[in-house]
Every structure is written in structure tokens, then in C-alpha cells.
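Colleague: Please take one helix of this model and look at it closely, saying which way its residues face. After that, I would like to hear how other parts of the chain are arranged.

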Amino acid sequence: MSERYPGIQVPTEDGPVLLRNGLIIRFFMHRSHQQFASSAVRALDTYIHAVGPRTLAWYPDREGDWQSMDDSAWKRTRQAMLGGKWAFVTLADNVNIYQHRDFQFEYEGISREEPGQFDDPRRASVMSFWLPTEFLEQRGPGHTRALALELASHLPFDSGYASLVFDTFGKFVNVTRPLNKLCFRYPGVDVLEEHVSWDIGTRIPGAYWLTFLGPQVMGELGSDEALRARLSSPDTNLQQLPEDRAVVTLGTWPQAGDLEAGENLPEYRELARVLEPWLYHHNPEKLRHDDFKPADRLRWERRFLD
């Protein structure tokens with residue numbers, strides 16, 4: 001169990017469940033998969049190099065059943081990512097619902113030239129990399145941040161972030177309702193669903209430990225100097241990246257915050273206020289969630305603003 005991030009006991013109908021924190025690195029690209037297919041493969045290879053070549057050992061087949069990754073499966077995965085108009089890939093370190101899942105790679109590469117019947121014009125490709133907090137503690141936040149920047153260097157992202165996240169892999173549905181309450185207590189822990197890619201466009205998903213800003217937002221902000229002038233927290237760092245992109249880092253370590261303990265993450269609130277005109281907000285007409293009502297979703301999205 002992680003020392004800095006020890007986990008949270010979640011009460012359920014079947015008894016308490018220990019919910020661990022993990023770390024997620026996620027990027028949104030408002031463009032077609034084919035435009036950066038080779039770069040997507042390089043990002044995957046970078047992640048594999050960081051976590052170990054045998055770590056991602058499982059993938060779901062077309063029926064949704066998990067199969068082990070062998071040499072032929074790896075070859076098919078890379079061929080599908082390089083040669084198709086679309087790419088949908090999920091790889092994980094284990095699939096036992098009674099064990100924690102530490103590492104996972106998820107990618108939805110879409111085609112904007114040939115969209116699906118119900119695709120929104122703002123739909124984006126999305127790539128996610130999961131790490132356990134033990135990785136963060138053992139390697140250190142500097143190493144983890146460097147990994148996120150290396151992953152970002154391969155991708156033509158419009159937005160992205162790295163954040164603590166509740167580890168819900170393998171958990172049962174009855175964890176959902178108490179989790180929806182906990183997310184308001186711990187505002188620095190992400191509960192953002194990958195479905196935001198369906199209509200995020202070039203908007204920013206929120207304020208996080210690492211917040212990646214694409215050229216659209218940076219252009220409208222004016223310059224990195226203009227953004228830096230609006231960020232006064234001594235723990236906030238702005239780094240310019242190639243191709244008119246940037247990353248904002250809020251402190252050395254990612255923080256969960258705890259409103260009940262008075263930890264309201266002021267630097268996160270400052271960044272959210274600066275980025276408010278460009279923040280993503282969920283459209284309840286696109287995706288409904290019975291356990292997370294639209295009003296609660298909006299309240300969570302505005303947790304650093306209200």
C-alpha cells in the first residue's frame with residue numbers, strides 16, 4: 001500500500017471496500033488517428049519502456065473476453081494502430097477482479113473524415129496511461145513528470161492532464177454512489193470519464209497536477225508570458241512546449257486535497273479561474289449517468305470555481 005496515498009475506506013452494502021489512488025496521464029487530440037498513427041505507437045512504446053516489457057499482459061478480444069498478449073497479439077496491435085482509419089486498444093497488467101490493476105493503456109483513435117453516425121464534430125481521439133501511486137513514490141514525482149512530458153512529446157494534443165485518480169478497476173457497481181460523494185471531499189482526485197472525448201474538441205478538461213494546454217487555448221490566452229503573469233502561486237510552474245503548447249505544474253507532488261481537513265488546493269483553484277473560459281463541461285444530452293446527476297456533474301466540474 002502506498003505511504004503518501006494510503007487509500008480510502010468506502011462503505012458499501014456488502015461491507016467496506018478499500019479504494020486506492022492511482023495516477024492517470026491522459027491526452028485528447030481533436031484530429032483523426034491516421035494523422036498521428038506512428039506517433040501514437042511511439043507513445044505506447046514509451047509507456048511500455050517505462051513500466052516494463054511484460055507488464056501489459058492482457059487485452060480484450062472482440063467478444064470482450066480477456067486474452068494474454070503474446071508476440072502475435074503485439075504484432076496485430078501495432079499493425080492495427082498503424083494501418084487503420086480507427087484504433088481502439090486496451091491493454092492491462094491483470095484482469096482478476098479480486099486484485100488491484102496497476103497499469104493500463106487505453107486508446108480510442110477516431111476518424112474525423114469518416115465519423116460515426118452519431119459522432120459529434122468535437123469528438124477527439126483520447127489516450128490514457130495508468131500508473132499506481134507506488135510507481136510515483138518509488139521513482140519520484142520528477143521522474144513521473146518527465147514520463148508525462150515524454151509521452152506528450154509524441155502526441156499532437158489539444159489538452160491533457162496528469163492526476164491522482166480513484167482506482168475503480170474490478171470494483172462492483174455499489175462502489176459508485178459512495179465514490180460520487182467522496183469526489184467532492186477530495187477535489188484533487190480525478191473521476192473524469194473517457195467519454196468526455198466525445199465532445200471535448202479543443203477545450204481543457206480541468207485544473208490538475210499537470211495540465212497540458214494545446215495551441216488553440218495558448219493562442220487565445222495570448223502567450224505563455226501572459227499566462228504566467230496570471231499565476232501567482234509560488235508552487236505553480238509554467239513550461240513552454242514545442243508547437244505553441246505548454247504544461248502547468250501545480251506543486252512537486254499531486255495532491256488529493258481534503259476539504260474536511262481544510263485542504264482546498266488554492267493553486268488548483270487559481271489555475272481553474274484562469275482557464276475557466278476554456279474548460280470543458282459535460283453535455284447531459286450526450287451521455288446520461290443515473291448515479292451522477294447532471295447537476296452533480298456540473299458541480300464537480302466547477303469544484304475549483306464555486
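Modeller: In helix H9, which covers residues 294-301, the buried residues are Arg297, Trp300 and Glu301, where buried means under 20% relative accessible area, exposed means over 50% and partly exposed lies in between, with a 1.4 Å probe and protein chains only. Helices here are DSSP runs of H or I with at least four residues, strands are runs of E with at least two, and both are numbered from the N terminus. Looking down the axis of H9, one finds these buried residues within an arc of 100 degrees (the directions run from the helix axis to the C-beta atoms), so they line one face of the helix. An α-helix has 3.6 residues a turn, so residues three or four places apart point the same way.

Please keep in mind that this is a predicted model, in which local features need pLDDT of at least 70 and side-chain atom pairs count only at pLDDT 80 or more, while totals for chains, interfaces and linings use all residues. Residues are numbered from 1 along each chain as its sequence is written, and side-chain values use heavy atoms, with hydrogens and water left out.

Helix H2 can be read in a similar manner: it has 13 residues, and the distance from its first C-alpha to its last is 18 Å. Its buried residues are Ala73, Trp74, Thr77 and Met81, and they too line one face of the helix, because their directions, seen down the axis of H2, fall within an arc of 100 degrees. Asp71, Lys75 and Gly83, on the other side of H2, are exposed. The cover over the buried residues of H2 (contact means heavy atoms within 4.5 Å) includes helix H1 (37-51), strands S4, S5 (66-68) and S6, and strand S7 (104-109).

Turning to the loops, the one between strand S12 (236-241) and strand S13 (245-250) holds proline 242. With 67% relative accessibility, proline 242 counts as exposed. Although proline 242 and proline 215 are 27 residues apart in sequence, their C-alpha atoms are 9.7 Å apart in space.

Aspartate 244 also belongs to the loop between S12 and S13, and its relative accessible area of 55% makes this aspartate exposed. Most residues other than glycine have a negative phi, yet aspartate 244, which is not a glycine, has a positive phi of about 60 degrees. Leucine 265 is likewise not a glycine, and its phi is positive, at about 55 degrees. The surroundings of leucine 265 can be set beside those of aspartate 244: leucine 265 sits in the loop between S13 and helix H8 (266-275), and with a relative accessible area of 3% leucine 265 is buried, whereas aspartate 244 is exposed.

Finally, it helps to set these parts within the whole chain, which contains 9 helices and 13 strands. Of the 306 residues in the protein chain, 54% are buried. Among contacts in the chain with a separation of 6 or more, 74% are between residues 24 or more positions apart.

Methods:
The expected span of a helix is 1.5 Å times one less than its number of residues.
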